[in-house]
Every structure is written in structure tokens, then in C-alpha cells.
Amino acid sequence: MLKLGDSLPEFVGTNQEGNEINSEQFKGKKLVVFFYPKASTPGCTAEACNLRDNYSVLKKKGYQLLGVSADSVKRQKNFSDKNELPFDVIADENHDIIDKFGVWQLKKFMGREFMGIVRTTFVFDENGICIQVIEKVKTKDHAAQILE
């Protein structure tokens, strides 16, 4: 998994509208990249809506937001439209971005082990250097964790 001091990996992804999003677009900007297991599930919805509700504060602080999961473009579009998300969510079905950030890991749930996305948020400064890694994401209060 990426850690403090690491550089923003180069990536290209497809957002909820089917448009290409490239890491180059964020050069010189502060960037929050949050990974979530599955669009439209309760925890992921709570997290995305908390970021939506605090979007203006995050923008004022200069942050760009980008959500990523392994969902399809269609599922991301439904998730974005239903929750009126003001930021892009990337459909990373081939795990290209997920693997570059190292968030595809062994998970345990109700006695079962399986591979999946570990809910994690990375904050990068204007130079593309990771200045914060949030592994214990509070889905209902995530913006506060980023702004700490």
C-alpha cells in the first residue's frame, strides 16, 4: 500500500460519465483519492455523502476529490446521480488504479476470507506527495478526518 512520502501514481481511469480521468490533471493541486468497496452499499454511501455534504469546505481548502472502486461505469453513474455527488468516481474494473495504490487485499468478514478493496483514503499535496493515509475511515465523519 502507498505510504506517507510516496508520489501519486500515474493513472488513467474512466469516470461515471464515461470520460477519461488522468492523474496529470491533478498536477499542482491538492488531491484526495478515496477507495471504497462497492458503490451504493450503506458504508460507501455514508462516506460519499459525508464528503458531498462537506465538499464546499474541502474545495475552499483547495482539495480535489476522486472516488475509486471496482464497479462498472453504469453502477458509478447510478451511485453518483442518486447521491448527487459533485466529484468524479472512477470505475476501475480492471484494478489498474486499485493495484497501483495497493488497496486490493485479503479481507475478513463474518468468518470468511476474500480479496477486496480495503476502504482507504490518500491525501496528496500540490507536489503529488502523499501527506496523509487514512486506513480507519469513519464513513459518517470522513471529511473531518481529512481536514484534521
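Buried means under 20% relative accessible area, exposed over 50%, and partly exposed in between, for a 1.4 Å probe and protein chains only. The model is predicted: local features need pLDDT of at least 70, side-chain atom pairs count only at pLDDT 80 or more, and totals for chains, interfaces and linings use all residues. Residues are numbered from 1 along each chain as its sequence is written, and side-chain values use heavy atoms, with hydrogens and water left out.

**Exercise 1. Classify Arg52 and Asp53, and state what joins their side chains.**

Step 1. Arg52 has a relative accessible area of 26%, so Arg52 is partly exposed.
Step 2. Asp53 counts as exposed, at 54% relative accessibility.
Step 3. A salt bridge is a side-chain nitrogen of Lys or Arg within 4 Å of a carboxyl oxygen of Asp or Glu. The side chains of Asp53 and Arg52 meet in one, at 2.9 Å from N to O.

**Exercise 2. Place strand E3 in its sheet.**

Step 1. Helices (H or I, at least four residues) and strands (E, at least two) are DSSP runs, numbered from the N terminus. Two strands pair if DSSP finds at least two bridges between them.
Step 2. The sheet is open, has 7 strands with mixed pairing, and follows the order E2-E1-E5-E4-E3-E8-E9. Its edge strands are E2 (20-22) and E9 (130-134), each of which pairs on one side only.
Step 3. Axes are lines fitted to C-alpha atoms, for helices over the stretch in contact, and angles run from 0 to 180 degrees between N-to-C directions. On average, neighbouring strands of this sheet are turned by 30° against each other, direction ignored.
Step 4. E3 pairs with strand E4 (residues 63-69) in the parallel sense over 6 bridges. On that side, Val33 has Leu66 as its bridge partner, and Val32 stands opposite Leu65.
Step 5. E3 and strand E8 (residues 120-124) run antiparallel and are joined by 5 bridges. Here the bridge partner of Phe35 is Thr120.
Step 6. Of the 6 residues of E3 (residues 30-35), 5 are buried, so the strand is largely enclosed by the rest of the structure.

**Exercise 3. Locate helix H3 and describe the salt bridge between Glu17 and Lys77.**

Step 1. Contact means heavy atoms within 4.5 Å. Helix H3 (residues 73-83) lies across strand E1 (12-15), E4 and strand E5 (88-91), and runs at about 160° to E5.
Step 2. The side chains of Glu17 and Lys77 form a salt bridge of 3.3 Å, N to O. The pair links distant parts of the chain, 60 residues apart: Glu17 sits in the loop between E1 and E2, and Lys77 in helix H3.
Step 3. Glu17 counts as partly exposed at 44% relative accessibility, and Lys77 counts as partly exposed at 28%.
Step 4. Asp81 joins Glu17 and Lys77 in a network of salt bridges.
Step 5. Arg75 and Asp71 also meet through their side chains in a salt bridge, at 3.3 Å from N to O. Arg75 counts as partly exposed at 30% relative accessibility, whereas Asp71 counts as buried at 5%.
Step 6. The whole structure holds 10 salt bridges.

**Exercise 4. Find how many disulfides the structure has, and examine Cys44.**

Step 1. A disulfide is a pair of cysteine sulfur atoms within 2.5 Å. A search of the whole structure finds 0.
Step 2. The cysteine sulfur closest to that of Cys44 is in Cys49, 11 Å away, which is too far for a bond.
Step 3. Cys44 counts as buried at 2% relative accessibility, and Cys130 counts as buried at 3%.
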